[in-house]
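Work through the exercises below with the model in view. Try each task before reading its solution.

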Amino acid sequence: MTTQARAAILRGVHEPFEITDVTLDDPRPDEVLVRVTAAGVCGTDLGVQAGHIPFPLPGVLGHEGAGIVEAVGSGVTSVVPGDQVLLSFSSCGVCRNCRLGHPAYCTDFLDLNLIGGQRMDGTATITKDGKGVHGHFFAQSSFANYVLADARGVTKVDPDADLSLLAPLGCGIQTGAGAVLNVLRPEPGSILAVFGAGPVGLAAVMAAALSGSTRVVVMDLVDSRLELARELGATDVVNSGSTDALQALFELTNGDGVTHALETTGSTRVAATAADALAPLGKLGLIGAPAAGSTVELDVNFMLNGRQVIGITEGDATPQLFLPALVELVQQGRFPLQKMITRYGFNEINDAAAAAKAGEVLKPVLHFEDLH
């Protein structure tokens, strides 16, 4: 049987979200029907609304969902009805990168998650008045009280886990934390510079506090975010609006440069600064996504001293392995995610989006209690 749901449809670029009734398709063998209890609002959702990401509209966004499994397809063995789950990106599972344990670099990642708006076979997961609506956003479209998700993007978590807190782990938080723990992997004594104190950058700071980094330096333009960065584990902060970030980093490192850097803002100018701040053998991770075709100039001779620049998607994480570990760290109080979150009712989705765009909140999380 199909499932009736309430979903926030984005009808066009710069349009508000409109909550309306939709119908979900029956779960296919590799799909899971989930009753959503919470969903994070991510910069990628806002990027579609702003027209920066070519997701087809009208459509249903949302890709940091959390909820309870209602039904599973005939081929699903990883979860059963009643399980608490977090929703994340999907992957094909059969390409070389998936088989090597890097599903975030699946060769079909864009079509499966970001720009397709439908299943890979061209069918819709969501309809309204008998007509297909673009969905399947990150194989979930969790701006709805029920979603049809790919099993490969579904992760079972502790039945006692607070989903209203944990929902953002599925994308932005996983990205920042994974960039540090899975990709950069700072050794004891490392100096990590994080450019940007948004949700992704602050997740990286929390992860860095669990690593061997002895100094974690955070650059941002907003003093209140820098203060929060200190609470989350930064040892040094720099307001790059009033201070030259590169000069400050060299002063902090006695002219040596940083061993690791992470660029989360999407600014090519900031990315160039981050590269220039690297010590020999230093590693720079690029997370922020500027407009398509953007480039950064690098001095080749400067790079020859073992410096590396690495692009990072979704923290190079395997969600079913990485997300339960993050959940446990949150439950232990070692990853204080709650300090970043502001809660909204689902019917306040436009207020949440506006507050995030204005920088008034870091990580809005929508709650769906009134819709069940």
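Contact means heavy atoms within 4.5 Å. Helices (H or I, at least four residues) and strands (E, at least two) are DSSP runs, numbered from the N terminus. Axes are lines fitted to C-alpha atoms, for helices over the stretch in contact, and angles run from 0 to 180 degrees between N-to-C directions. Two strands pair if DSSP finds at least two bridges between them.

The model is predicted: local features need pLDDT of at least 70, side-chain atom pairs count only at pLDDT 80 or more, and totals for chains, interfaces and linings use all residues. Residues are numbered from 1 along each chain as its sequence is written, and side-chain values use heavy atoms, leaving out hydrogens and water.

**Exercise 1.** Find the strands at the edges of the five-strand open sheet.

Solution. Write down the order: S4-S1-S2-S7-S8, with antiparallel pairing. Strands S4 (59-60) and S8 (131-133) each have a single partner strand, so one side of each lacks a neighbour in the sheet. Now check S4: it pairs with S1 (residues 3-10) over two bridges. Ile9 has Val60 in S4 as its bridge partner.

**Exercise 2.** Trace the six-strand open sheet and place a helix on it.

Solution. The order is S13-S12-S11-S14-S15-S16, and the pairing is parallel. S13 (236-239) and S16 (308-311) are the edge strands. The twist averages 15 degrees from one strand to the next. S12 (residues 215-220) joins S13 over four bridges. Asp220 stands opposite Asn239. Helix H7 (residues 223-232) touches S12 and S13, at about 170 degrees to S13.

**Exercise 3.** Which strands does helix H9 lie across?

Solution. H9 (residues 268-276) lies across S11 (191-195), S14 (258-263) and S15 (278-286). Its direction is at about 150 degrees to S15.
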